[in-house]
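I opened this model to look up a few points about its interior and wrote the entries down as I went.

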Amino acid sequence: MRGMLDFTLEQLRVDQAAFYSHLGDHQKALEYLKESLAIISESDDRDDAEVAVICLSLGGELYHVGRYTEAEECLEGGHSILNGLGKGTTHHIFLPSLTMVKFSLSKTQEAHSHLLQCIQSFERLRNLIKTNEHFSISLLEREQLYKHFSVELFHAGSPHEALSAEELGRARALEDLIAAKYPDGVKNISLISADLQSLCRIGKLINRETNCTYLYLSYYERRVRVAILKPGGDTYFSKEEEVDIPTLMAEDVVDLDDLFNKTFRSFGVLPRELCEDRSLDDIDKHDDSLALFRGDETEDTDRELCEDRSLDDIDKHDDSLAQRNETEDTDRYLQMFYKLIIAPVANLLTGPEVIIVPERSMYRVPFAALREETGKKFLTENLRIRIAPSLMTLKLIQDSPPNYHSQTGALIVGDPVVGEVLYRGARKNITELPCARKEAEMVGQLMGVEPLIGERATKQAVLDGIDKASLIHIAAHGNAERGQIALAPNRTTEGTGFPKEEDYLLTMEDISQVQLRAKLVVLSCCHSGKGQIGYEGVVGIARAFLGSGARSVLVAGWALEDRATEQLMNQFYKHLAGGESASESLHQAMKWMRNNRFTKVSQWAPFMLIGDDVKIDFKGEAKKTPPAKD
């Protein structure tokens, strides 16, 4: 009877400790854990395994209140108990806490040893499921092992190790996807190993691109930190800054995730008279008076000029910010994020190119348009901007065999005739996109390629030709959640009813089944850079293209105006056909837009280049796109 009572009291104290620890009252949590440990230690049927688990919690609370020596003794005691019970296989549960305590006590060698054991244990589990990206990403999300280590290592005064841990976490699942695409005969790429020497290999990547500065961004809760990596130079780490969110936003914003998400969410809302909205939103239901991007320079309001590239019901979006004027509030936001992210390291961002490695919801920030508080200069005026999911995955892409990616050939898709289909369980008529058609014809003419247009732009035709092209360009409707693309439905048997999503929607899963050889993929669709925000960044169709072997992907962060997009793409391809790289071509296109009346951020800054910088051979022999199959 006493044993049962002891167990009940002990468990009650443990639960109370967990409650106070969650509230941040670590001193109160300590009191309850000590009581719990005393109860179970005096019990007639003491369970040593339970003692060890309580020691783990107690050591963690002691660490939080700065009593590192006591924490070390408590954790090592619990660790020893498990080993003595023959439970060595579970000893890894103590390693994260022991790692942080050792760093805090300046026992660096022991801390490194524990950290490596932690990572190796995690990697063994990850390797069991790495062929399944869903579970691999879920594991990262659930454990957040590397993020936890990164934060704690930075606080313990080990910023280089913190950066290594952060990199290992960001690169894992996408690395598996990329590496799996290379055939056995050409797998001479240097795969990433899970250890703290990763920065040595990263250094080789950095030194390879001598004209680039790497801007590495990290945040958690309300704190943000920035690292600058330069070729042949030292890594600079900014001080960790706590953001005073209430002074920045009038809304109820909890943390930085909230701030990044809510500030720019209305960039997806376009006025009807300006849009060939290439998203799958139902613009017809949208009140134009809420549109953020109502441009003064465009006078045409003819409905014939308007195209709806949206699949989703825009009424479902939170448009509380959309009533604000872009030239006022948007500029304030751009200056706010410049001050938060760029200003602390602005003097270190020497050109001509900056490769930005964002984290999670930071992908929503239009980095090219971040603006100084004085001088009114945008970040991209003097610097080319490129995005990388992680330094390691960028290195993996660049280490691919020289002859792996196609040097010639193009797949150009524009204005697929989708028509009436079933979308999310309901009938939907997806309209035509004349401006997207013109865009595809322009690119096709430059490349000497016959584009897939209208009814020929079927999902099957795209999948048949997508693995052979050096350049892939798709101008079509896009989905605001994961960037899925609406194509002409595959031809099916008569009388089967309206086409279903699998008949016409190009998804992440479809792309993951293809082994791409493309040097550049241009997704001129609304929201093609969107996706679910996770620890590894944006999980959407752009990431799927990278994971399937594409070297570089150009994607849109929000809905696109037809006239602005047409002009931007004209300028982009003009420079690309002239022999300039994709990064330089985008840079020059945005510059031209700002100087030619397309001055709103929504018009000139929707696209971002993710991955490697590439050049496309426009002088090779013309290669016809494979015709659509009957």
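I began with Tyr573 and, leaving out residues up to four places away in sequence, I found it touching Met442, Val443, Leu446, Leu471, His473, Val522 and Phe618. I keep in mind throughout that this is a predicted model.

Next I looked up the largest nonpolar core, which has 106 residues, and noted that Tyr573 is among the members that touch the most others, together with Leu215, Phe367, Leu471, Leu520, Phe545 and Phe572. Helix 13, residues 326-342, gives the most to this core, with eight residues. Apart from it I found another core, of 46 residues, which includes Leu30, Leu37, Leu62 and Leu95.

I then turned to Val413, which I located in strand 9, residues 410-416. Is Val413 buried or exposed? I entered Val413 as buried, because its relative accessibility is 0% and the cut-off for buried is under 20%. Again leaving out residues up to four places away in sequence, I listed its contacts as Ala440, Leu452, Ala457, Val462, His473, Ile474, Ala475 and Leu487. I also checked Val413 against Pro451, and although the two are 38 residues apart along the chain, their C-alpha atoms are separated by 5.7 Å.

My last entry concerns helix 21, residues 582-595, whose 14 residues reach 20 Å from the first C-alpha to the last, close to the 20 Å expected at 1.5 Å a residue. I noted that 10 of the 14 residues are buried, so helix 21 is largely enclosed by the rest of the structure; among the buried ones are Glu584, His587, Met590 and Arg594. After helix 21 comes Arg597, for which I recorded a positive phi, near 75°.

Key
Residues numbered from 1 in each chain as written. Predicted model: local features only at pLDDT ≥ 70, side-chain atom pairs only at ≥ 80, totals over all residues. Heavy atoms only, no water. Core = buried A, V, L, I, M, F, W, Y, C linked by side-chain atoms within 4.5 Å. Buried < 20%, exposed > 50% of the residue type's maximum accessible area, 1.4 Å probe, protein only. Helix = DSSP H or I, 4+ residues; strand = E, 2+ residues; numbered from the N terminus. Contact = heavy atoms within 4.5 Å. Expected span 1.5 Å × (residues − 1).
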